[in-house]
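Visitor: Please take me closely through the nonpolar interior of this protein, and then through what lies around it.

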Amino acid sequence: MLEIKRLESFAALEALEEPWWGLWRQSPAATPFQSPAWLLPWWCAFAPGRLSSVAVWRDGSLAALAPLYLEDGPLGRRVLPLGIGISDYLDVLVRPGDAEAAMALSQGIAALENWDSIELEQLSPGAAGRELPCPQGCVETRAPQDACPGLAIGPDVDESGLPYDIPGKRRQHYRRKCRAAAAHPPVEITAPDPRCFVDQLAALHGARWQEKGEPGVMADPRVVAFHREAAPELARRGLARFLNISLEGRLAGALYVLAWRDRVATYLSGFDPEFAEVSPVTLLCGEMLRAAVGEGVRDVSFLRGREPYKYHWGATDRWNHRRSFRRA
């Protein structure tokens with residue numbers, strides 16, 4: 001009843017797109033980072049090794065999928081997940097309740113050739129990869145990896161439209177920044193075209209990091225190329241939103257938001273250093289939260305990193321974990 005297939009070409013992976021979406025929709029822990037809208041463009045932009053993905057079919061229906069590749073580098077021959085590096089959550093997909101498919105997926109991964117280790121990284125709480133059976137003949141190590149601060153929000157809001165779950169000091173700070181922005185009319189928050197947004201975000205993100213003497217992630221042309229390709233389809237599928245704020249008729253800030261089920265996440269942001277005192281990204285985060293409450297969103301993630309501003313919004317740490325397998 002179960003069939004394990006190895007996918008070793010981009011054409012084979014791309015041909016899986018529609019059943020992949022079907023499995024993604026069935027998987028309660030799946031995020032935009034596990035979707036074909038994210039991972040197919042990622043491979044086109046980076047292609048850092050040899051595709052070695054594994055799919056499990058049950059009666060002609062996709063029951064499990066591990067989008068993986070083999071990297072031959074200084075740390076040995078490692079099986080790694082597609083999306084690594086720029087994805088805050090990584091995971092496999094397994095149809096809920098199908099323990100046999102999960103076991104078959106584990107066996108299929110172990111049967112890949114010429115590997116020294118299998119690395120399942122950035123597994124969020126609830127990720128299917130946390131429960132995947134250890135491949136037969138392997139030993140496993142587990143460890144915390146990165147914190148993704150986040151918070152739950154409810155439907156009750158204050159006079160500014162922010163949920164009461166946000167600390168009072170932060171809500172006051174948001175209102176002060178709204179008043180500060182009003183001194184730079186006209187103040188406009190817009191939802192730009194995805195491709196235009198990527199270039200605008202890259203410019204703002206780069207300006208901010210150059211001020212710190214660092215390049216920033218969007219200095220890599222492959223990252224920009226990836227987002228140019230991924231953003232339109234993510235938006236079309238309802239998995240991404242893009243917000244710009246203009247002050248005095250000039251672009252002052254940009255916020256890249258991921259959205260799925262009852263969750264939103266702040267992925268990337270940038271702002272013009274000349275408007276730093278207005279805190280354009282704070283204004284955009286507030287706008288995101290105001291809209292999220294009305295849409296029934298109940299969870300907000302600030303994704304990887306323990307920057308202080310995330311805790312100002314009331315976030316607490318949620319730890320991603322890594323599982324590493326080696327042959328016994």
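Guide: A nonpolar core is here a set of buried Ala, Val, Leu, Ile, Met, Phe, Trp, Tyr and Cys residues joined through side-chain atoms within 4.5 Å. In this predicted model, the largest such core holds 52 residues, among which W38, Y256, L258 and Y267 touch the most other members. Helix 3, spanning residues 36–46, supplies the largest share of this core, with eight residues. If one follows L258 and leaves aside its neighbours within four places in sequence, its contacts are P32, F33, W38, L239, A240, R263, V264, A265 and Y267. Separate from this is a second core of 30 residues, including I166, V278, V293 and V300.

Burial is not confined to nonpolar residues, as N244 shows: at 4% relative accessibility it counts as buried, because the cut-off for that term is under 20%. N244 belongs to strand 12, residues 240–247, and its side chain is joined to that of Q200 by a polar contact of 2.7 Å. Beyond residues up to four places away in sequence, N244 touches E188, I189, T190, P192, F197, Q200, L251, G253, A254 and L284.

Turning to the strands, an open sheet of mixed pairing is formed by six of them in the order 2-5-6-8-16-9. Strand 2 (50–51) and strand 9 (138–147) each have a single partner strand and stand at the edges, so one side of each is left without a neighbour in the sheet. Within this order, strand 8 (residues 117–123) pairs with strand 16 (residues 319–327) in the antiparallel sense over four bridges, and S324 in strand 16 is the bridge partner of E119.

Notes: Residues are numbered from 1 along each chain as its sequence is written. This is a predicted model: local features need pLDDT of at least 70, side-chain atom pairs count only at pLDDT 80 or more; totals for chains, interfaces and linings use all residues. Side-chain values use heavy atoms; hydrogens and water are left out. Buried means under 20% relative accessible area, exposed over 50%, partly exposed in between (1.4 Å probe, protein chains only). Helices (H or I, at least four residues) and strands (E, at least two) are DSSP runs, numbered from the N terminus. Contact means heavy atoms within 4.5 Å. Two strands pair if DSSP finds at least two bridges between them. A polar contact is a pair of N or O atoms within 3.5 Å; within protein, one must be able to donate a hydrogen and the other to accept it, and residues adjacent in sequence count only if both atoms are side-chain atoms.
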